[in-house]
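Trainee: I would like to go through this model with you, starting with helix packing and then the cysteines.

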Amino acid sequence: MQFMLNQTLIQVDECAPDTTLLEYLRTHLVQRGTKEGCASGDCGACTVVLAEPDANGLRYRAINSCITFLGAVDACQVITVEGLSQSTDQLHPVQQALVDQHASQCGFCTPGFVMSLFALTHQPDASSSDNPLLQIHQALGGNLCRCTGYRPIIDAARSLLKNPQPDQFDAQTGSIRQQLSAAQASDTGDITLQQGNEAFFAQPRDSQSLLKLMARYPDARLVAGATDLALETTQQLRPLPRLISTRRVAEMRRIEEQDEALVIGAAVTYSEAEAALTAAFPPLAGLLHRLGSLQVRNQGTLGGNIANASPIGDMPPVLLALNARLRIRDPQGVTEIAIDEFFTGYRQTRLPAGGFIEALILPRLQPDSLLRIYKLSKRLDDDISAVCLAIHLKRHQGRILEARLGFGGMAATPARAYQAEAALQGQAFTVDGIQAAQQALAQDFSPLTDVRASAEYRLRSAANLLLRAVLEDQQQHSLEVSHYAHTD
């Protein structure tokens with residue numbers, strides 16, 4: 001494999017497939033500006049930026065190098081803090097802004113903030129946002145400052161967006177894109193990285209090639225964004241000698257806008273899917289902005305979030321509420337399965353042996369439907385939910401015809417609240433109309449007490465979220481009535 005480190009082409013002939021990009025930078029290349037803080041993608045000290053060709057030139061993404069396998073950056077440009085300076089005596093504009101605003105304190109986390117801000121300033125709409133502060137908060141949500149120095153860092157970000165300055169990367173876009181495109185064109189095999197004859201990191205180009213690799217190496221692990229899988233090696237020190245990546249499988253990289261549904265390929269990242277998802281399901285915007293961090297959303301995929309079957313994943317409750325279906329491909333062909341039939345136990349699914357999730361099919365909202373999505377967590381950004389609830393109602397003349405409640409954090413799997421759903425049917429969506437459903441939640445779930453929340457808190461919060469949905473719906477209705485009254 002080969003990749004560009006800043007302006008230098010790096011050729012890797014042999015390396016362990018579970019080597020992370022951070023480990024390779026620090027131990028193999030002795031580039032130690034990028035720091036290891038948590039080795040789990042939570043703190044942002046390891047942030048680097050990937051540049052890849054797109055229709056407009058290059059696309060820049062901030063990622064966590066501590067949970068990125070080296071093979072995943074094949075034919076990409078990796079930009080680190082060492083590569084930013086214009087010259088030996090001239091800082092990059094991002095670095096200079098942090099100096100001017102006194103935004104570097106102990107310095108350990110500073111390289112990660114620098115790289116996140118570099119990625120922000122290289123987004124196409126960086127300086128034209130209607131809400132620059134929100135844009136800054138989202139860009140920095142995955143970077144934790146141990147010295148609590150956020151205000152000067154935000155001031156530096158404000159100055160960068162207010163007075164954008166070109167840098168050497170803007171001038172070199174054409175040449176870098178040409179080199180990366182040539183590297184992609186020359187890389188025609190499935191194996192990106194290898195160690196000996198048995199250990200490898202593979203990146204097949206289509207579903208049939210993926211099936212063949214899985215059949216030949218049934219013990220290989222599938223890897224999408226690696227935001228969860230990589231922790232097995234960084235936290236548990238478990239070797240992962242055979243990895244098959246889905247990031248280049250054509251059928252898994254598509255977004256299809258159909259009349260009745262939105263189809264998202266299982267290897268599409270959250271960042272790539274965000275525009276289509278929020279256009280089709282506007283209430284999803286708030287959840288997506290709180291799903292991990294921007295670095296995580298730049299790597300993590302919807303398919304991975306489902307396949308790992310975590311009971312506290314953020315997207316499964318939404319998919320349950322929407323009655324989504326999964327397109328499964330295995331050696332026997334392609335089938336579809338309803339999402340509420342997929343999870344069978346803690347970290348267990350109905351995924352067939354030798355099969356994989358190829359795409360997600362999300363039915364579009366109907367005009368008479370209501371969708372509300374809530375996430376409770378100890379921290380607003382970059383945190384795992386204690387309770388996640390998605391409410392999808394179909395109503396007619398003020399009565400609920402159909403209710404689907406998808407919950408996370410309440411059971412061993414993401415699950416629907418069938419008893420509560422039944423109690424809602426035929427009722428008005430009012431404070432009185434939901435009381436039976438609130439009480440029925442105790443029949444649906446017997447949640448655990450753990451470090452995130454007690455069982456009592458979870459049950460009470462779930463009931464209160466139903467109440468919140470009612471109050472928000474009533475408030476919205478009042479605003480609409482007021483609006484029509486003033487416009488008549």
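Trainee: Is the crossing of H2 and H5 left-handed or right-handed?

Mentor: This is a predicted model. Helix H2 covers residues 93-100 and helix H5 residues 150-162, and their axes come within 8 Å. The crossing of H2 and H5 is right-handed.

Trainee: Which residues of H2 and H5 make the contact, and how many are nonpolar, polar and charged?

Mentor: H2 contributes Pro93, Val94, Ala97 and Leu98, and H5 contributes Ile153, Ala156, Ser159 and Leu160. By class, the contact of H2 with H5 has no charged residues, one polar and seven nonpolar.

Trainee: Is H2 roughly parallel or oblique to H5?

Mentor: The axes of H2 and H5 cross at roughly 130°. Angles over 145 degrees would count as roughly antiparallel, and 65 to 115 as roughly perpendicular. The angle falls in neither range, so H2 is, relative to H5, oblique.

Trainee: How many disulfides does a search of the whole structure find?

Mentor: A disulfide needs two cysteine sulfur atoms within 2.5 Å. For Cys43, the nearest cysteine sulfur belongs to Cys38 and is 3.8 Å away, and Cys43 is in no disulfide. Over the whole structure, the number of disulfides found is zero.

Trainee: Why is the sulfur of Cys76 without a bond to the closest cysteine sulfur?

Mentor: The closest cysteine sulfur to that of Cys76 is in Cys46. The bond is ruled out because the distance is too far, at 16 Å.

Trainee: Is Cys76 buried or exposed?

Mentor: Buried means under 20% relative accessible area. Cys76 has 1%, so Cys76 is buried.

Methods. Residues numbered from 1 in each chain as written. Predicted model: local features only at pLDDT ≥ 70, side-chain atom pairs only at ≥ 80, totals over all residues. Heavy atoms only, no water. Buried < 20%, exposed > 50% of the residue type's maximum accessible area, 1.4 Å probe, protein only. Axes fitted to C-alpha atoms, helices over the stretch in contact; angles between N-to-C directions. Helix = DSSP H or I, 4+ residues; strand = E, 2+ residues; numbered from the N terminus. Parallel < 35°, antiparallel > 145°, perpendicular 65-115°, else oblique. Left-handed = near helix turned anticlockwise from the far one by under 90°. Contact = heavy atoms within 4.5 Å. Nonpolar A, V, L, I, M, F, W, Y, C, P; charged D, E, K, R; others polar.
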